[in-house]
Amino acid sequence: MPKNKFYITTPIYYVNDVPHIGHAYTTIAADAVARYKRLQGYEVFFLTGTDEHGQKVQQAAKNLNVSPQEHVDKLHQRFKELWVRFNVSNTDFIRTTEERHKELVRNILQELHAKDEIYQDSYEGWYCTPCERFWTEKDLTEGNCPECRRKVEKIKEYNYFFRMSKHQQWLVDKIKNDPHFILPTSRRNEVLGFLENPLGDLCISRPKSRLPWGIPLPFDEEYVTYVWFDALINYISIHGSLEDIKSSGFWPADHNLVGKDILTTHAVYWSTMLKAIGLEPPKNIFAHGWWTVNGQKMSKSLHNVVEPNNLVDLFGVDVIRYFLLREVPFGMDGDFSHKALIGRLNSDLANNLGNLLNRTVNMMKKFFDGVIPTPGAEGPEDAPLTEKAGEVIADVDKLYNELAFNKILQKIWELVDTTNQYIDKTGPWHLVKTEEGKERLKTVMYNSAESLRVLGVLLYPFMPQSMESLMNQLGVETSIAEQGMNSIKSWGGLKPGSQTQKAKQLFPRIEDKQADKILAEVSAPKEDKKEDGSQITIEDFMKVELRTGKVLEAEKVKKSKKLIQLKVDIGTETRQVLAGIAESYEPEDMVGRTVIIVANLKPAKLMGIESQGMVLAANNDGKILLAGFDEEPGQGIQVR
């Protein structure tokens, strides 16, 4: 029987942006939904990627004296590597410079031009280079761009236009008749307000003489495609031709997640483009809010941009995933603070969920040698626990349809609290004192562990690594992905006789002194220090990307005594690296070994072979010793 299909997308992120907490927020939210739908048995397609054309990319590349393609080839890796680190389970990663994308963009342009949906006309308006948009006189704010508040320049030129205004009434009717099309409701009302004014046609080209970095128009090679008309097509180009899209079963997308700043381009530009193409718009466009930091907008000048990798270093991946989706309702603006994050970690994760797991596993060890017992005598406390589990499972399913992540987690924590209360009410430490009590104890401990298994499945979309660890401690050998939602629809899926493992803290508590130190470090003003020429700054060091990689293949380089050619998996790709280690290591000893490589070193040729990185090692009186770890890390982990 074929699976039902489900398709969710993030926006594609502009490569000239440094990945920040806002990017991570959208992507983690999409990942949670994708993981949940897979647990339900859906065939899920989860797409993210990077937007790589446009004037800002061209200018940045020019400043660096590299080609735009070289520039974006390097920058898109930052996003790929961050999603690996955040355990994001995307199905594919689209780049707008890929041929599979460019081909469909050209085909759609050609088709719309043939249908007279695209025409050429002269245009005079105020152009904002950073936003890459034209504005009319009435749009300007005190003579500046209404979005970025920067200076604009007046430009008059011939361009090509998409007849967007032709589809205005259709779009208004669509939004009014489908309350789920644009969410939350406040954003839906914003779009309807925008559409109360006449909708102009969309300028979809830029003269190649001014902007050569883009996809050329198939019907006029003197022009390239406007970056937004190009970028939005990524959501369908990933599936192939228009015929492939229609037959794939993945269109229209179930959820197109975007930030509120790009809602208009998606709700208006993208929807009317799809109407002209002959495709339905997404079932839902959901615009979430922005994150501020301690009440202030994130800004490089204020030194308050929250860098996701630093957060993971301090608190761990799953803590950040939980915090971002628990702290504020998805759709509203949120204020990020390290103090609030530490509070959530200590109260929700360490004291509540973590303590429930520790006490259950420790009591299982104490009373039953760590073996899950067969339930014995029933008691009046059992029914409220099992009923609460059923209620939570049903409510969580409904809340996923609303993308109400914080409500989902609040509801799951009702089961955490109920389970803790169940243990307190039944008092296992008293039951063990009598023979009758021991029979009741079997049921209490089984139910406590079974409730934790249910919690593990429910929380897996939010904290996948931690919940797999929870299952291991309970002695559950089947992965959560294999268990699925069906495994918790009825109580009693935990197998009696399973051997629990030694209790380990999933979420170590951050004590006051450690918290004070962290808060002092993240709030300390950034001071410029005098350089003596012998030291580098942390910014200099951070430019060097050190990554872990697993050696897949190794062979000696012919005619070289020192070089070994390695194929190294760094998580997001496989690199070819030449290492001068042949006098200390045999190729067969290298296969399967984890090494540290400089991942952003400019490729160089040695003995006529390109090396795409450098392996870290020490030279101890002529003997080469590779840098390594006490424990085996995964691939692509950043080394600091």
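Here are short legends for several views of a predicted model.

**View 1. The whole protein chain and its make-up.** Welcome to the full fold: this predicted protein chain holds 22 helices and 27 strands. Its radius of gyration is 28 Å, close to the 26 Å that the globule rule gives for 640 residues, so the chain is as compact as a globular protein of that length. If you want to frame the picture, the C-alpha trace spans about 90 × 75 × 55 Å along its principal axes.

**View 2. Inside the protein chain.** Here we turn to burial and contacts. Of the 640 residues, 53% count as buried. Among contacts with a separation of 6 or more, 74% come from residues 24 or more positions apart.

**View 3. Surface and charge.** About 30100 Å² of the protein chain is exposed, and carbon and sulfur atoms supply 48% of that area. How many positive and negative side chains are there, and how far apart do the centres of the two sets lie? The protein chain carries 80 positive and 88 negative side chains, with the two centres 1 Å apart.

**View 4. Strand E18 beside strand E21.** Follow E18, residues 546–556, to its pairing with E21, residues 594–598: the two run in the antiparallel sense over five bridges. One pair to pick out is Arg547, whose bridge partner in E21 is Ile597.

**View 5. Strand E18 beside strand E19.** E18 also pairs with E19, residues 564–569, in the antiparallel sense, with six bridges between them. Look for Ala554 here, since you may like a landmark: its bridge partner in E19 is Leu566.

Key
Residues are numbered from 1 along each chain as its sequence is written. This is a predicted model: local features need pLDDT of at least 70, side-chain atom pairs count only at pLDDT 80 or more; totals for chains, interfaces and linings use all residues. Side-chain values use heavy atoms; hydrogens and water are left out. Helices (H or I, at least four residues) and strands (E, at least two) are DSSP runs, numbered from the N terminus. The radius of gyration is taken over C-alpha atoms; the globule rule is 2.2 Å times the number of residues to the power 0.38. Buried means under 20% relative accessible area, exposed over 50%, partly exposed in between (1.4 Å probe, protein chains only). Contact means heavy atoms within 4.5 Å. Accessible areas come from the Shrake-Rupley method with a 1.4 Å probe; for residues, only the protein chains shown count as cover. Lys and Arg count as positive and Asp and Glu as negative; His and the chain ends are not counted. The place of a charge is taken as NZ of Lys, CZ of Arg, CG of Asp or CD of Glu. Two strands pair if DSSP finds at least two bridges between them.
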